[in-house]
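Work through the exercises below with the model open beside you. Try each task before reading its solution.

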Amino acid sequence: MTRLHRRWHLWLWFVLGPLILTGLILSVVFRSEALP
Amino acid sequence: MSVIYSAVKWNRYRRIYDLVLLAGIGLYLVLFFVVAKVVWPGSHAIANRVLLIRALGTCALLLLQLVLCIGPLARFDRRFLTLLQNRRHLGVITFCVALAHAVLAFGYYYGFHLRNPLVVLLTSNTNYGSWNAFPFQVLGLGTLVILFLLAATSHDFWQKNLSPSVWKSLHMLVYLAYGLLVMHVALGTHQADASLTYPIVLGVGAVTIISLHLAAGLREYVRDALGSSAVSNITKEAWIDVGSVDEIPNRQAKIVCLPGRERIAVFQYDRQISAVSNVCAHQRGPLGEGQIIDGCITCPWHGWQYRPQDGKSPPPFTEKIATYRVRVVNRHILLNPEPLPPGTAIEPARFESETSAEVTSNRRESPLAARENNRRSCSRVFWHH
């Protein structure tokens with residue numbers, strides 16, 4: 001990869017990683033309320 | 001490489017790869033059914049069509065997770081390069097499985113509406129502010145659209161016409177697709193299934209993928225930073241000592257990192273030294289981690305080739321990469337960091353064979369070990385007046 005792509009890739013995962021994990025955690029936290 | 005565009009460049013190895021993959025998918029679907037029948041017997045049994053929808057959906061999720069792991073794993077261990085070289089097939093098959101899941105789910109849940117099922121899907125549930133009733137189907141649709149875009153452009157024709165840079169940027173949308181898919185599954189199961197199986201599978205997969213990508217990205221960042229810290233204020237006329245010719249095994253390269261510049265691959269072959277850009281013109285693969293085969297630098301990712309003397313692919317191919325001026329003084333390689341226009345012919349720097357033979361006999365390091373060392377540490381470079 002080019003230097004630009006390497007940096008872009010790294011920053012993307014720094015943003016996307018916590019977003020995905022936060023979404024997952026929230027979906028589990030609110031799980032009990034959703035189920036019958 | 002091929003002079004003409006073909007949908008799939010078949011060879012025996014790829015046929016075996018695809019057959020194993022398809023057999024694995026078939027086995028997974030059968031196992032899913034068997035386990036589901038055992039876990040939910042009798043009156044708790046789930047309809048076969050729903051089971052198939054779930055089996056295909058989870059299969060697509062696992063395949064996408066596998067696709068996303070291959071890139072960083074190949075950065076850490078060369079044995080995964082084989083999977084990387086066939087990643088396109090895996091990506092297209094992932095899309096096909098996801099499409100089968102979507103078609104079945106679409107028909108099952110929306111097929112009996114009088115209105116257009118797609119309109120129903122997009123308009124029947126607008127609880128975007130609710131965790132409990134979020135329209136997770138829209139996230140799945142978004143994933144499918146991205147996967148379709150990637151599968152449709154997984155072809156050298158598109159790569160050539162979009163340019164490698166645009167193509168690579170486009171295909172980085174796979175990370176967004178993964179994020180959407182995780183939330184599609186998390187919110188979908190959240191509304192229908194009390195067990196924690198799905199959240200656990202999703203969590204383990206997400207942590208693995210995120211960790212691998214961050215670790216691989218940070219490793220490359222450190223390599224760039226280490227190389228950059230060794231030199232500063234590079235001028236066009238500078239000659240930089242990038243190390244001894246004895247450091248580079250025959251027909252292999254040393255990768256040089258310079259501040260604010262692309263990496264350079266310095267190849268040693270038959271007592272000659274040539275330097276070219278480390279970036280392959282195809283998919284930006286690291287040429288310096290490849291080797292010289294049949295007189296050509298061969299990219300470790302997909303086997304694209306370039307002549308070390310001029311950075312041109314051998315005829316009839318037309319790809320070119322930048323070359324660099326090099327010379328050898330007292331068995332030290334001096335490199336001019338200014339890239340020459342792609343395809344510029346440069347006479348290789350030659351050195352005496354005497355020590356080369358000595359090096360061959362003294363160095364106990366295998367070519368593979370040498371390549372691994374090259375990957376682990378970016379070369380330290382020093383000024384030469």
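A residue is buried if 20 or more other C-beta atoms lie within 10 Å of its own, exposed if 12 or fewer, and partly exposed in between, with C-beta atoms placed from the backbone. Helices (H or I, at least four residues) and strands (E, at least two) are DSSP runs, numbered from the N terminus. This is a predicted model: local features need pLDDT of at least 70, side-chain atom pairs count only at pLDDT 80 or more, and totals for chains, interfaces and linings use all residues. Residues are numbered from 1 along each chain as its sequence is written, and chains are lettered from A and ligands numbered from 1 in the order in which they are written.

**Exercise 1. Take stock of the two chains.**

Task: state how many helices and strands chain B has, and what share of its residues is buried.

Solution. Step one: chain B holds twelve helices and twelve strands. Step two: 34% of its 385 residues are buried. Step three: turn to chain A, which has two helices and zero strands. Of its 36 residues, 19% count as buried.

**Exercise 2. Describe strand E3 of chain B.**

Task: decide whether the faces of E3(B) are covered or open, and find its partners.

Solution. Start with burial. E3(B) spans residues 264-269, and six of its six residues are buried. In a regular strand the side chains alternate between the two faces of the sheet. Now split the strand by face. Ile264(B), Val266(B) and Gln268(B) lie on one side, Ala265(B), Phe267(B) and Tyr269(B) on the other, and all are buried.

Next, the partners. Two strands pair if DSSP finds at least two bridges between them. Strand E2 (residues 252-256) of chain B pairs with E3(B) in the antiparallel sense over five bridges. Within that pairing, Lys254(B) has Val266(B) as its bridge partner. Strand E4 (residues 272-277) of chain B is joined to E3(B) by six bridges, also antiparallel. There, Ala265(B) is bridged to Val276(B).

Finish with the turn. E3(B) and E4(B) make a hairpin with two residues between them, and Asp270(B) in that turn has a positive phi of about 50°.

**Exercise 3. Order a small sheet.**

Task: which strands of the sheet E5-E6-E7 of chain B are edge strands?

Solution. The sheet is open, has three strands in the order E5-E6-E7 and pairs antiparallel. Strand E5 (291-293) and strand E7 (305-306) of chain B each pair on one side only, so by the pairing rule of at least two bridges they are the edges. Two bridges link strand E6 (residues 296-298) of chain B to E7(B). Thr298(B) stands opposite Gln305(B).

**Exercise 4. Analyse a helix pair.**

Task: give the packing angle and axis distance of H4(B) and H6(B), then classify their contact.

Solution. Axes are lines fitted to C-alpha atoms, for helices over the stretch in contact, and angles run from 0 to 180 degrees between N-to-C directions. Helix H4 (residues 87-110) and helix H6 (residues 136-152) of chain B pack at about 145°, with axes 9 Å apart. Now the residues. Two residues are in contact if their C-beta atoms, placed from the backbone, lie within 7 Å. H4(B) contributes residues including Gly91(B), Phe95(B) and Leu99(B), while those of H6(B) include Gly140(B), Leu144(B) and Phe148(B).

Sort them by class. Ala, Val, Leu, Ile, Met, Phe, Trp, Tyr, Cys and Pro count as nonpolar, Asp, Glu, Lys and Arg as charged, and the others, Gly among them, as polar. The contact has ten nonpolar, four polar and no charged residues.

**Exercise 5. Explain the backbone outliers.**

Task: where do Arg284(B) and Arg331(B) lie, and which peptide bond at Pro316(B) is cis?

Solution. Most residues other than glycine have a negative phi, and most peptide bonds are trans. Phi of Arg284(B) is near 65°, a positive value. Arg284(B) sits in the loop between E4 and E5 of chain B. Arg284(B) is buried, with 21 other C-beta atoms within 10 Å.

Phi of Arg331(B) is also positive, near 65°. Its loop runs between strand E9 (326-329) and strand E10 (332-335) of chain B. Arg331(B) has 15 C-beta neighbours inside 10 Å, so it counts as partly exposed.

Last, the cis bond: it runs from Pro315(B) to Pro316(B), with omega near 10°. Pro316(B) lies in the loop between E7 and strand E8 (323-324) of chain B.
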